[in-house]
Amino acid sequence: TAVKHKRAQVDECTLKAKRILRSIRKELSVTLLNRILAVKKNIDELYQAVRGAQQAIEEVQDDDDAMILMFLSAIHQDPTLAEKMQEQNEKQSNRLHLMEVEVLLDAYALEYEGLANELSSLHKEIDATEDLLKFKLDKARNRLIRIDVAFGMIGAWLGACNTVAGFFGMNLPYGAYTDGTVKPGEPFQPPTSGSS
């Protein structure tokens with residue numbers, strides 16, 4: 001039946017999604033993300049198909065003429081049966097037949113609703129996993145930003161120290177040269193600490 005076919009599709013989709021989600025939680029990769037995106041699209045399409053089938057069944061249940069046409073095997077044996085049943089629509093035996101069909105359609109509608117709920121919970125699980133991955137990526141990004149800020153602060157301190165050293169190195173007077181220059185023919189001797 002159509003319900004069994006949709007059940008098989010939902011089961012296949014669920015197994016595939018669960019396997020990919022387990023893999024993603026262990027190790028993140030682009031191929032796994034692409035696979036889960038494809039599964040998510042498949043889930044959305046399957047969800048729409050299941051909801052559409054459920055709504056179609058509910059619409060048929062509201063229409064008595066359509067319910068009478070559900071007696072396919074009896075109509076196949078006697079093609080005038082549908083017309084007779086429509087004429088006798090108010091009779092008690094006809095009501096019992098319609099109730100049998102309605103109970104059967106209710107069962108199918110409930111199965112489709114169960115499939116839709118299963119797909120919805122699977123979709124929520126995928127969304128939760130995506131939120132977990134976003135959280136992990138945010139955490140890694142924040143750690144990189146902290147490291148970048150720390151290196152920036154270290155660089156600023158080193159730059160400030162170099163600025164002070166450069167300023168005093170160029171502007172401090174040296175006692176051996178009163179005019180601040182080296183005399184021609186004499187070698188330059190940088191200042192050293194210690195005694196000679």
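**Exercise 1. Identify the acidic partner of R7 in α1 and characterise the pair.**

Solution. R7 forms a salt bridge with D11, and their closest N and O atoms are 3.3 Å apart. A salt bridge here is a side-chain nitrogen of Lys or Arg within 4 Å of a carboxyl oxygen of Asp or Glu. The model is predicted: local features need pLDDT of at least 70 and side-chain atom pairs count only at pLDDT 80 or more, whereas totals for chains, interfaces and linings use all residues. Residues are numbered from 1 along each chain as its sequence is written, and side-chain values use heavy atoms, with hydrogens and water left out.

Next, consider the positions. R7 and D11 are four residues apart in helix α1, so about one helical turn separates them. Helices are DSSP runs (H or I, at least four residues), numbered from the N terminus. An α-helix has 3.6 residues a turn, so residues three or four places apart point the same way.

Finally, consider the accessibility. R7 counts as partly exposed at 32% relative accessibility, and D11 counts as partly exposed at 33%. The classes are buried (under 20% relative accessible area), exposed (over 50%) and partly exposed in between, with a 1.4 Å probe and protein chains only.

**Exercise 2. Determine which parts of the chain the salt bridge of K40 ties together.**

Solution. The partner of K40 is D127, with the closest N and O atoms 3.0 Å apart. Because K40 lies in helix α2 and D127 in helix α6, the pair ties together parts that are 87 residues apart in sequence. K40 is buried, with a relative accessible area of 15%, while D127 counts as partly exposed at 25% relative accessibility.

**Exercise 3. Describe the salt bridge between D138 and R141, then place the salt bridges in the whole structure.**

Solution. The closest N and O atoms of D138 and R141 are 3.1 Å apart. The two residues are three places apart in helix α6 and are therefore separated by about one helical turn. D138 is partly exposed, with a relative accessible area of 32%; R141 also counts as partly exposed, at 44% relative accessibility. Salt bridges that share partners join R7, D11 and E118 into one network. A search of the whole structure finds six salt bridges.

**Exercise 4. Compare the spans of α1 and α2 with the expected values.**

Solution. The expected span is 1.5 Å times one less than the number of residues. For the 25 residues of α1 this should give 36 Å, and the end C-alpha atoms are 36 Å apart, which agrees. α2 has 33 residues and reaches 48 Å from its first C-alpha to its last, close to the expected 48 Å.

**Exercise 5. Describe the largest nonpolar core and the contacts of I43.**

Solution. A nonpolar core is a set of buried Ala, Val, Leu, Ile, Met, Phe, Trp, Tyr and Cys residues joined through side-chain atoms within 4.5 Å. The largest has 27 residues, and I43 and Y112 have the most contacts inside it. The elements giving two or more residues to this core are α1 (2-26), α2 (30-62) and α6 (92-171). The largest share, 11 residues, comes from α6. Leaving aside residues up to four places away in sequence, I43 touches C13, L119, L122, H123 and I126; contact means heavy atoms within 4.5 Å. C13 is among the buried residues of α1, and I43 is among those of α2.

**Exercise 6. State the environment of T129.**

Solution. T129 lies in helix α6. At 4% relative accessibility, T129 counts as buried. T129 touches L21, I24 and R25, not counting residues up to four places away in sequence. The buried residues of α1 include L21 and I24.
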